[in-house]
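Trainee: I've got the coordinates loaded and a pile of labels I'd like to pick apart. Can you walk me through the reasoning behind them?

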Amino acid sequence: MHAALDSLYATVTRATAAAARAGVTVSAAAAAHGPGFGITLTTAAVVDADGWSLGFVPPPPSRARPGPAAAAPTTAAGLSDPARAPAPCSNKFIQMEATPIQRLEPGTAFVAWTWAASVTTLVAFASAAVLLTRRHSAAQRCKSNSSSDDGAGTPKPPAGDDAFDTEQFITARGTQPWARIGYSFFAGALGAWAIATPANMAATAGYIGLVSYAVSTGIPTVLVAFAGERMQRLLPRPLSLSDFVLWRYGRVAQVFVAAICILSMALFIVSEYSTIGSVFETFVKSSQYPIIVLVALVTAAYTAYGGLLISIVTDQLQGIFALALTALLVVFVAVTFPQLEGGLPPFPHDTLGATSYGWSTVLTLPCSLVASTFFSEANWQRVWAAESPAALRKGAAFGCALIVVAMAAFGACGLLSMWAFAPSTDAQYANLFLFYVLGDRQYSWVGVLVVVLAVTMNMSAVDSVQNALTATVTANLFRDRPLRFTRAVVFLINVPLMAVGFLTLPALNLFLVSNLLTTGSVLPLLSGLADPHRRYVSGYTMMFGSVSAAAALTGYGWITQGSFGDGFVWAWWGNGYDLFAFLVPLVASVAGLALWTAGALAAQALFGIAGQGYTAEMRAVLDRMNSSALVASKDDVNVKELGEE
């Protein structure tokens, strides 16, 4: 809070200097307010004597960032140099109470066009999803009616919905070429949060944070593809990540990992609902509830109807559309930015340059984003859906490139808006930094397109994670239930998530909870790939490493904040992506693995106590997967051509 007030004070002093440069008199009382006086002015507007706006006079940005407060300058040296001041202009004055760039209001036409375009986008993609699903079902009925068997004694697949079985519904196994896998990685990785958090991060962590966020968001797709190949060589045809965990670590560990996955993906969906609701409430100045309900119901409807296959196909359409809108936004910003009276202020290297906070993101962002990616079933489903290992590798590389470019563009918008306009970093503005780069054009046609871009990416992310949550729940609880039951689960899981989304919680904080939890669990999870024969790492070893990480982070917060309650809140909600908040659980998870492994080896050597070993339940998982692979090789459903148009 003090840092924010310091920043606002610096803004006022710089606005005062800008006024002096323009020959404008500002009352001493307004300029004399210092830190702690609750000043709310973030920019000053220049108007003529008749009250018409002549544009904004933004001061150089100075604002607080998460972590230690940045010291605010107390003078405006250089800006008020009389040698550079233009001639006085008696018909202008600084209107301190004028609406700054963050307080512009949309007109009725803007709100109407935004809602019309958003609803049209939702309906268009949902209709495409339903049509493609019907085409797939018709193709399967034709195939099942064409012959009674495949010539090798294998019975024909049943007609109708049953031909689209539960496994195919939630995995689309081996059907997708590399380009569609790449677009699906891209569309599934982004969401409405991509409009908010990259711009926010760049505005607080500078260009180092911008680059770190962009690269850290794209690289995990390549790592998941690499790990997925290894995983499928060890266990053919898994239905979900939970299948691998059950085979490698056992039932208790499966439930443990599934709980982390479900919580992580649930927080992701909540953040998506919260972000799109926040955009409509704080930017469009409309109610958040209709858009959240529409996105939740429409995506759940076509996801329940078509499963992962249609989610991937619509991801391709949504990805291409999102790229086109992103390119249009970049061109618009390049042509129109900046149009400020007096030009851009000097670039604030002390806050947007190579700061210590920016450099800390080089560790915190890769840790958090890589870890959360491995615990999202949506990414593993792309692995199962790829038609070949080569398609998976090419698709992952293609998706990674698209993600990095798009995230860099969104982050750059936040950086530019902070450079030019120095908007307030209060929580109510946290999701809107990208819009501010549009300046006073934010409520024009390009503002409508940015909202439509947010809705499009929101749809693509939500439908992917809806299907991923359904896969995780089905694989663990309802594997043998009929397809209609799986479809019902899609709707049921959305009701509580939609309700929490109404709270419009900050996306960065929601991601922080998920990122910290998964950062402490990712190395224990992946240790099983390095030790597939269970010589050292058992299910209990993996869980102990994860629990050690969570305990260490909570303890670190307790120590640094002085009380358990404050420490817990700081550690899991309010640390602002502090470097040590990620380093502590990462190191603690490795220490936990080493400690339990050493104890288990010592117990076996000294007392003959054997470890977990390879149980009958684990062996049954491998037998079931091998049997499934054998049947699939005799009767493979070919849907690769679906959606080519």
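Mentor: Sure, and keep in mind that this is a predicted model. The chain has 645 residues, and 56% of them are buried. Its secondary structure comes to 22 helices and 3 strands.

Trainee: How do you know which contacts in the chain join residues far apart in sequence?

Mentor: You take contacts between residues at least 6 apart in sequence and look at the separation: 86% of those join residues at least 24 apart.

Trainee: Let's do rings. What makes F433 and Y436 an aromatic pair, and what kind is it?

Mentor: The rule gives 25 aromatic pairs. For F433 and Y436, the centres are 6.1 Å apart with 80° between the planes. The cut-offs are centres within 6.5 Å and, for edge-to-face, planes over 60 degrees apart, so this pair counts as edge-to-face. The two residues are 3 apart in helix α14 (residues 433–436), which means about one helical turn separates them.

Trainee: Are F433 and Y436 buried or exposed?

Mentor: F433 has a relative accessible area of 1%, and Y436 also comes out at 1%. Buried means under 20%, so F433 is buried and so is Y436.

Trainee: Which residues do ring pairs link into a cluster?

Mentor: F110, F283, F435 and Y443.

Trainee: What makes R534 count as lying over the face of W247?

Mentor: R534 is 4.8 Å from the ring centre of W247. The distance cut-off is 6 Å, and the charge must also be within 35 degrees of the ring normal. R534 is listed as lying over the face.

Trainee: Why are α16 and α17 called roughly parallel?

Mentor: The axes of helix α16 (residues 483–492) and helix α17 (residues 494–501) cross at roughly 15°, coming within 5 Å. Angles under 35 degrees count as roughly parallel, so α16 and α17 get that label. On the α16 side the contact is made by V490, F491 and L492, and on the α17 side by N494, V495 and P496. By class that gives 5 nonpolar residues, 1 polar and no charged ones.

Trainee: Why does W113 count as exposed?

Mentor: W113, in helix α3 (residues 108–146), has 61% relative accessibility. Exposed means over 50%, so W113 qualifies. Its C-alpha is 8.6 Å from that of W445, although the two are 332 residues apart along the chain.

Trainee: And how do you know whether Q466 is buried or exposed?

Mentor: Q466 has a relative accessible area of 0%, and the limit for buried is under 20%, so Q466 is buried. It lies in helix α15 (residues 445–477). Leaving out residues up to four places away in sequence, Q466 touches I269, Y273, A296, T299, A300, T303, I493 and N494. Take A296 from that list: it is 170 residues from Q466 along the chain, with 9.4 Å between the C-alpha atoms.

Trainee: What about S278, buried or exposed?

Mentor: The value for S278 is 9%. With the cut-off for buried at under 20%, S278 is buried. This residue is in helix α8 (residues 251–283), and it touches F283, N431 and T504, not counting residues up to four places away in sequence.

Trainee: Why is E617 called partly exposed?

Mentor: E617 has 35% relative accessibility. Buried stops at 20% and exposed starts over 50%, so E617 falls in between and counts as partly exposed. The residue lies in helix α22 (residues 616–634) and touches L246 and R251, again not counting residues up to four places away in sequence. E617 and W247 are 370 residues apart in sequence, yet 7.7 Å apart C-alpha to C-alpha.

Trainee: Last one: what makes the phi values of R237 and A422 worth flagging?

Mentor: Most residues other than glycine have a negative phi. R237 has a positive phi near 55°, and A422 has a positive one of about 45°. Neither R237 nor A422 is a glycine. R237 sits in the loop between α6 (193–234) and α7 (241–249), while A422 is in the loop between α13 (389–421) and α14. A422 has 4% relative accessibility, so it counts as buried.

Definitions and conventions. Residues are numbered from 1 along each chain as its sequence is written. This is a predicted model: local features need pLDDT of at least 70, side-chain atom pairs count only at pLDDT 80 or more; totals for chains, interfaces and linings use all residues. Side-chain values use heavy atoms; hydrogens and water are left out. Rings of Phe, Tyr and Trp (its six-membered ring) pair if their centres lie within 6.5 Å; planes under 30 degrees apart count as stacked, over 60 as edge-to-face and the rest as tilted. Helices (H or I, at least four residues) and strands (E, at least two) are DSSP runs, numbered from the N terminus. Buried means under 20% relative accessible area, exposed over 50%, partly exposed in between (1.4 Å probe, protein chains only). Axes are lines fitted to C-alpha atoms, for helices over the stretch in contact, and angles run from 0 to 180 degrees between N-to-C directions. Angles under 35 degrees count as roughly parallel, over 145 as roughly antiparallel, 65 to 115 as roughly perpendicular and the rest as oblique. Contact means heavy atoms within 4.5 Å. Ala, Val, Leu, Ile, Met, Phe, Trp, Tyr, Cys and Pro count as nonpolar, Asp, Glu, Lys and Arg as charged, and the others, Gly among them, as polar.
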